[in-house]
Amino acid sequence: MNKNELTDKKHGKGSRGFYAALGISALMIGTACIFAHKQGDRLPDNKPVENNFPIVTEVPVNKRATNIPKATAPVRKTEPAAETRPVQTEAPAIPAAEAAAKAPFEVDSSFTEHSAEAAAETSVTSVHAPLADIGNILAPFSEGELVKNETTGTWQTHNGTDIAAEVGADVYATLSGEVAYVKNDPLWGVSVVLDHKNGYTTKYCGLGSDLAVLQGDTVESGSLIGAVGETADIESSVPAHLHIEMTHNGSFIDPLSLMEH
């Protein structure tokens, strides 16, 4: 009887110890869970930060980029936009040059009459000799050939005619026209150019400083221009003379060729 009581007492103590250990274990597990939860709250948020900046992949200079993914979407060809032109409600204008070419040629009668009068007034048949005596030719027109200049010793073309004359001898207009210019040339001295308005011009060189005309004057054939001088330094070694040049449509001609008519 006493043995069983002892056994029962030991059995009761063992049951109480078991439940006590089980409670302590549950308490430790609960404490561990609470601690782990709190530690998890302290961890930083590792989620990637979203931003609106584009991601740029740098490619080293002078190196070819590789591993570029191929485009999977089909390439579409862009068709050029259709050209639009304004609708013309009126007939297109013809350029003036084209219209003039298509239009019948009409002669301006007033211009023709004026040209005929000018040609009659400055006809080469009314040529007047530049000097009273033109028989003594010191140097003829060279017709483009090179001749030696006695003053400078150089070979050059002689574009005019040198007619011997005394200093102070009167010089006349060969044809009617307008005084184009009057100047004192450093080589040819006092010079006068007449524009005869028919393609001809006459130039007088080596004149004296006392002239009878001014630039812009209108002269008639045979009108007094000035007098022979000794102002042409480029021909200073030649005896006193008149150097006269004539051009027709810009080309030099022999002045005496007109005076023979």
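Two strands pair if DSSP finds at least two bridges between them. Strands here are DSSP runs of E with at least two residues, helices are runs of H or I with at least four residues, and both are numbered from the N terminus. What you're looking at is a predicted model, where local features need pLDDT of at least 70, side-chain atom pairs count only at pLDDT 80 or more, and totals for chains, interfaces and linings use all residues. Residues are numbered from 1 along each chain as its sequence is written, and side-chain values use heavy atoms, with hydrogens and water left out.

**Exercise 1. Find the strands that pair with strand 4, and work out whether its faces are covered.**

Step 1: Locate strand 4 at residues 161–164.

Step 2: Look for its partners. Strand 1 (residues 137–139) runs antiparallel to strand 4, and 2 bridges join them. Here A139 has D162 as its bridge partner. Strand 11 also runs antiparallel to strand 4, with 4 bridges between them. In that pairing, T161 faces I244 of strand 11.

Step 3: Check the faces. In a regular strand, side chains alternate between the two faces of the sheet. For strand 4, T161 and I163 sit on one side, D162 and A164 on the other, and all are buried, so both faces are covered. (Buried means under 20% relative accessible area, exposed over 50%, and partly exposed in between, using a 1.4 Å probe and protein chains only.)

**Exercise 2. Describe the surroundings of T247.**

Step 1: Place T247 in strand 11, residues 241–248.

Step 2: Decide on burial. T247 counts as buried because its relative accessibility is 14%.

Step 3: List what touches T247. Contact means heavy atoms within 4.5 Å. Skipping neighbours within four places in sequence, T247 has contacts with G199, Y200, T201, F252 and I253.

Step 4: Pick out the polar contact. That's a pair of N or O atoms within 3.5 Å; within protein, one must be able to donate a hydrogen and the other to accept it, and residues adjacent in sequence count only if both atoms are side-chain atoms. The side chains of T247 and T201 make one at 2.3 Å.

**Exercise 3. Trace the salt bridges around K197.**

Step 1: Recall the cut-off: a side-chain nitrogen of Lys or Arg within 4 Å of a carboxyl oxygen of Asp or Glu. The structure holds 3 such salt bridges.

Step 2: Start from K197, in the loop between strand 7 and strand 8. K197 counts as exposed because its relative accessibility is 51%. Its phi is near 65°, a positive value in a residue other than glycine.

Step 3: Follow its partners. E178 and K197 meet through their side chains at 3.5 Å, N to O. This pair links distant parts of the chain, 19 residues apart, with E178 in strand 6 (residues 177–185). K197 also forms a salt bridge with D195, with the closest N and O atoms 3.6 Å apart.

Step 4: Put the pieces together: E178, D195 and K197 are linked in a network of salt bridges.

**Exercise 4. Find the nonpolar cores.**

Step 1: A nonpolar core is a set of buried Ala, Val, Leu, Ile, Met, Phe, Trp, Tyr and Cys residues joined through side-chain atoms within 4.5 Å.

Step 2: The largest one has 19 residues, and V192, L194 and L242 are among those with the most contacts inside it. Strand 7 (189–195) and helix 4 (255–259) are among the elements giving two or more residues to this core.

Step 3: A second, separate core has 5 residues, including Y200 and I253.
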